[in-house]
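Colleague: I should like to learn how the features of a protein model are read. May we go through one together?

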Amino acid sequence: MEAKRVLLLGGTGTIGRATAKALIGAGHSVTAITRASSDALAGCDQRIGPVTDPAFLNQVVGLGVDAIVSCLASRTGTPQDAWAIDHDANLAALRAAQDARVPQFILLSAICVQKPLLEFQRAKLAFEAALQSSGLTFSIIRPTAFFKSLSGQIGRLRAGKPFLVFGDGRLTACKPISDADLARFLTLCLTDADKRNRILPIGGPGPALTPLDQGRLLADALGVDLKVRHVPPALLSGIATGLDLVGRIVPALGTKAALARIGHYYATESMLLWDGHRYNARATPSFGTDTLAGHYAAAARGDTADDRGAHAVF
Ligand SMILES: NC(=O)c1ccc[n+]([C@@H]2O[C@H](COP(=O)([O-])OP(=O)(O)OC[C@H]3O[C@@H](n4cnc5c(N)ncnc54)[C@H](OP(=O)(O)O)[C@@H]3O)[C@@H](O)[C@H]2O)c1
């Protein structure tokens, strides 16, 4: 296999860290632009500086790069941050790549951009479009749900509380993919010809899981009886509308309204391939070997870290 010189953006995030490991494990050399030095990026050449600064990007890209892998993402998901990071920072990196004739750009995106109702999805889509028309060889990876985003209720169930679901718990479904499997998939995009110049939706192994299925898996892993509390999704849209109104006077509440709207989206939209008519679990490609059940079992043993960060709200 041909070893490549990879510039990794967003290497300190959940998928970025796993991707750094996978890239190094596959024999590539990795330079990572970070805001601060990180122990999680052992084995990478870390360059500390602002990923939004074109001059800094030009300087790092000028060191010699065969491909950029971007796992950059807004930490908050608010409209302003999403445009600054998911769009502007990625675009600055793309322009630096074009100037330095870097041939390849691999982007971690999200499957939810196929039905863009939220500002962060529009920001991601706008960058996807810029990448597709850039002339660089590209792979745009649109994963389904990450394990961390389905792990928010471990503490509740441990404490004997009910598992919260929206509606009847079957309004949505997803095919969860582990950090390591997704990182391996991203790494393969460097060298697999069939992953070039494509948008690649990707889920993990096994059948699609509804929130109710996830609750059952989690209760089994923890060895507790599953109690379920049903929450109407309209509660979140009602909160968003209320916060929107007050947000006209208190801007901070406008930001909270945007987050409530993101919550409502995930409560009502599946993270599966949209085939033009419906979410289609069968048509959603699978990759990897790690299962959500295995992840919950590891969490029950205390073998996983809580990596939800700003996503803890979900
Ligand atoms: N959660 C899910 O289930 C799910 C499913 C499908 C797709 N996705 C998509 O996957 C992507 C990545 O997710 P993730 O969980 O790996 O992200 P994450 O853990 O939040 O990591 C984000 C990365 O971007 C960097 N970053 C953010 N703001 C920055 C700034 N202002 N300046 C410099 N660096 C900045 C972070 O650096 P710092 O460490 O310095 O903050 C970090 O390295 C997102 O696009 C998300 O939409 C998520």
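Modeller: Certainly. We begin with a term: helices are DSSP runs of H or I with at least four residues, numbered from the N terminus. In this predicted model, helix α1 covers residues 14–25 and gives the largest share of the shell around the ligand, 3 residues.

Colleague: How many residues surround the ligand, and which are the closest?

Modeller: The ligand is surrounded by 22 residues, and the closest are T12, G13, A73, A110 and S149. By character, the shell divides into 11 nonpolar, 9 polar and 2 charged residues.

Colleague: Let us turn to the sheet. What is the order of its strands?

Modeller: The order is β3-β2-β1-β4-β5-β6-β8, an open sheet of 7 strands with parallel pairing. Its edge strands, β3 (45–48) and β8 (198–202), each pair on one side only. From one strand to the next, the twist averages 20 degrees. As an example of pairing, β5 (residues 104–108) and β6 (residues 137–143) are joined in the parallel sense over 5 bridges. L108 has I141 in β6 as its bridge partner.

Colleague: Which strands does helix α3 lie across?

Modeller: Helix α3 lies across β1 (5–9), β4 (67–70) and β5, and runs at about 175 degrees to β4. Helix α6 (residues 179–188) lies across β4, β5, β6 and β8, at about 165 degrees to β6.

Colleague: Which residues touch the most other members of the largest nonpolar core?

Modeller: That core has 88 residues, and those touching the most other members are L8, L9, A67, I68, A93, F105 and L186. Helix α3 (residues 79–99) supplies the largest share of the core, 8 residues. Leaving out residues up to four places away in sequence, F105 touches A67, I68, L94, A97, L131, L136 and F138.

Colleague: Finally, what should one know about the sign of phi?

Modeller: Most residues other than glycine have a negative phi. Here R101, which is not a glycine, has a positive phi of about 55 degrees. R101 is found in the loop between α3 and β5. N197, likewise a residue other than glycine, has a positive phi near 55 degrees and is found in the loop between α6 and β8.

Colleague: Are R101 and N197 buried or exposed?

Modeller: The cut-off for exposed is 12 or fewer other C-beta atoms within 10 Å. R101 has 9 such atoms within 10 Å, so R101 is exposed. N197 has 11 C-beta neighbours inside 10 Å and therefore counts as exposed.

Methods. Residues numbered from 1 in each chain as written. Predicted model: local features only at pLDDT ≥ 70, side-chain atom pairs only at ≥ 80, totals over all residues. Core = buried A, V, L, I, M, F, W, Y, C linked by C-beta atoms within 7 Å. Buried ≥ 20, exposed ≤ 12 C-beta atoms within 10 Å, placed from the backbone. Helix = DSSP H or I, 4+ residues; strand = E, 2+ residues; numbered from the N terminus. Contact = placed C-beta atoms within 7 Å. Pairing = 2+ DSSP bridges. Axes fitted to C-alpha atoms, helices over the stretch in contact; angles between N-to-C directions. Near = placed C-beta within 6 Å. Nonpolar A, V, L, I, M, F, W, Y, C, P; charged D, E, K, R; others polar.
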